[in-house]
Amino acid sequence: MLYGEEGTWKTWLGLDLVWKLAGGEPWFFGLTTQSVPTLVLNTEIPKGHFQDRLQKMVTTRGKAPTNTWFVTDLDRKIDTLYGLNETITEIKDCGAQLLVLDDLYMAASGDLTKPQDWKRVQDGLNRMRSETGCSFFIIHHARQPLTDMRGQSITQGTSEMFGMSYLKNWFNTMMEVRKDGNDSTLKISAQKHRLMSYKPPDMTLQIRRSDITFWLQ
């Protein structure tokens with residue numbers, strides 16, 4: 001999971017991962033990748049605007065990613081029988097081994113702060129995983145930030161993620177992205193790394209808007 005506040009380039013970071021996966025190129029945190037069929041499910045950004053972002057990636061990267069399918073469905077809810085079956089069918093149709101979901105909040109019909117509502121989402125993800133064998137890269141929102149009496153941000157670790165505490169228990173790896181003083185600098189930290197053999201270091205990324213390029217500072 002990659003989560004953060006509004007305006008922290010989460011969708012662009014997800015698309016950067018998709019392009020890196022297509023070429024089997026390493027991603028951040030020193031993570032190696034293997035080129036696999038990938039399905040990107042966009043549940044947040046209107047289709048035309050999402051296509052504009054994809055075209056920007058194609059223009060700046062020089063080519064479209066191979067073995068990658070993009071679906072925009074702003075009404076898709078993975079905690080409903082119809083939405084879940086539709087997603088499983090799409091995964092099977094393209095043989096995807098990875099589902100990139102952008103984003104979790106919009107793909108849930110219930111309230112992620114309530115146990116019974118998160119349980120429906122969790123059951124849906126588990127059924128997807130069981131029936132298709134795919135892995136997940138999920139983009140999600142953070143809570144409203146807390147500040148102290150001096151106006152300084154209070155860091156709460158994985159509790160910054162929007163939703164109830166059970167939600168964070170389900171994910172194996174959770175990365176938080178924050179703005180680091182300005183719109184062109186991001187700080188990414190691994191808040192959870194259950195299946196990794198090492199603690200990934202915090203990273204500061206610089207962004208070049210003209211071609212949506214990220215690089216380590």
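The largest pocket has a volume of about 850 Å³ in this predicted model. Its lining is made up of 25 residues, and strand S5 (135–141) is the element that gives the most to that lining, with four residues. The second largest pocket has a volume of about 220 Å³. The structure also holds two cavities of 30 Å³ or more.

**Largest pocket**

- Leu98, Ser135, Phe136, Phe137 and Thr173 are the lining residues that lie nearest the centre of the largest pocket.
- Two or more lining residues come from each of helix H1, strand S5 (135–141) and strand S8 (173–179).
- By class, the lining of the largest pocket comprises 17 nonpolar, seven polar and one charged residues.

**Second largest pocket**

- The second largest pocket, with a volume of about 220 Å³, is lined by 15 residues, and Gly7, Trp9, Lys10, Thr11 and Arg53 are the closest to its centre.
- H1 and S5 are the elements that give two or more residues to the lining of this second largest pocket.
- H1 supplies the largest share of the lining of the second largest pocket, namely three residues.
- The class composition of the lining of the second largest pocket is four nonpolar, four polar and seven charged residues.

**Largest cavity**

- The largest cavity has a volume of about 40 Å³.
- Its lining consists of Thr11, Gly14, Leu15, Val18, Val40, Phe50, Val100, Asp102 and Ile139.
- Helix H1 (10–23) and strand S4 (98–102) each contribute at least two residues to the lining of the largest cavity.
- Of the elements, H1 gives the most to the lining of the largest cavity, with four residues.
- Six nonpolar, two polar and one charged residues form the lining of the largest cavity.

**Helix H4 and its buried side**

- Helix H4 covers residues 115–132, and its 18 residues should span 26 Å at 1.5 Å a residue; the end C-alpha atoms are 26 Å apart, so the model agrees with the expected span.
- The buried residues of H4 are Asp117, Trp118, Val121, Gln122, Gly124, Leu125, Met128 and Thr132.
- These buried residues lie on the same side of H4, because they cover an arc of only 155° around the axis.
- The packing partners of the buried residues of H4 are helix H3 (81–94), S4, S5 and helix H5 (165–170).
- Gly133, just after H4, takes a positive phi of about 75°.

**Met106 in the loop between S4 and H4**

- Met106 is placed in the loop between S4 and H4.
- Met106 counts as partly exposed because its relative accessibility is 29%, and partly exposed denotes the range between under 20% for buried and over 50% for exposed.
- Residues up to four places away in sequence not being counted, Met106 touches Thr43, Glu44, Arg76 and Lys77.
- Met106 and Asp75 are 31 residues apart in sequence, and their C-alpha atoms are 8.3 Å apart in space.

**Elements that recur**

- H1 gives four residues to the lining of the largest cavity and three residues to that of the second largest pocket.
- S5 gives four residues to the lining of the largest pocket, and S5 is also among the elements against which the buried residues of H4 pack.
- S4 supplies at least two residues of the lining of the largest cavity, and the buried residues of H4 pack against S4 as well.

How values were computed: Residues are numbered from 1 along each chain as its sequence is written. This is a predicted model: local features need pLDDT of at least 70, side-chain atom pairs count only at pLDDT 80 or more; totals for chains, interfaces and linings use all residues. Side-chain values use heavy atoms; hydrogens and water are left out. On a 1 Å grid over the protein atoms alone, a cavity is a set of points where a 1.4 Å probe fits but cannot get out, and a pocket is an open set with protein on both sides within 12 Å along at least five of seven lines; lining residues have an atom within 4 Å of a point. Grid points are joined across faces, edges and corners, and a volume is the space filled by probe spheres set on the points. Ala, Val, Leu, Ile, Met, Phe, Trp, Tyr, Cys and Pro count as nonpolar, Asp, Glu, Lys and Arg as charged, and the others, Gly among them, as polar. The expected span of a helix is 1.5 Å times one less than its number of residues. Buried means under 20% relative accessible area, exposed over 50%, partly exposed in between (1.4 Å probe, protein chains only). The arc is that of the directions from the helix axis to the C-beta atoms. Contact means heavy atoms within 4.5 Å.
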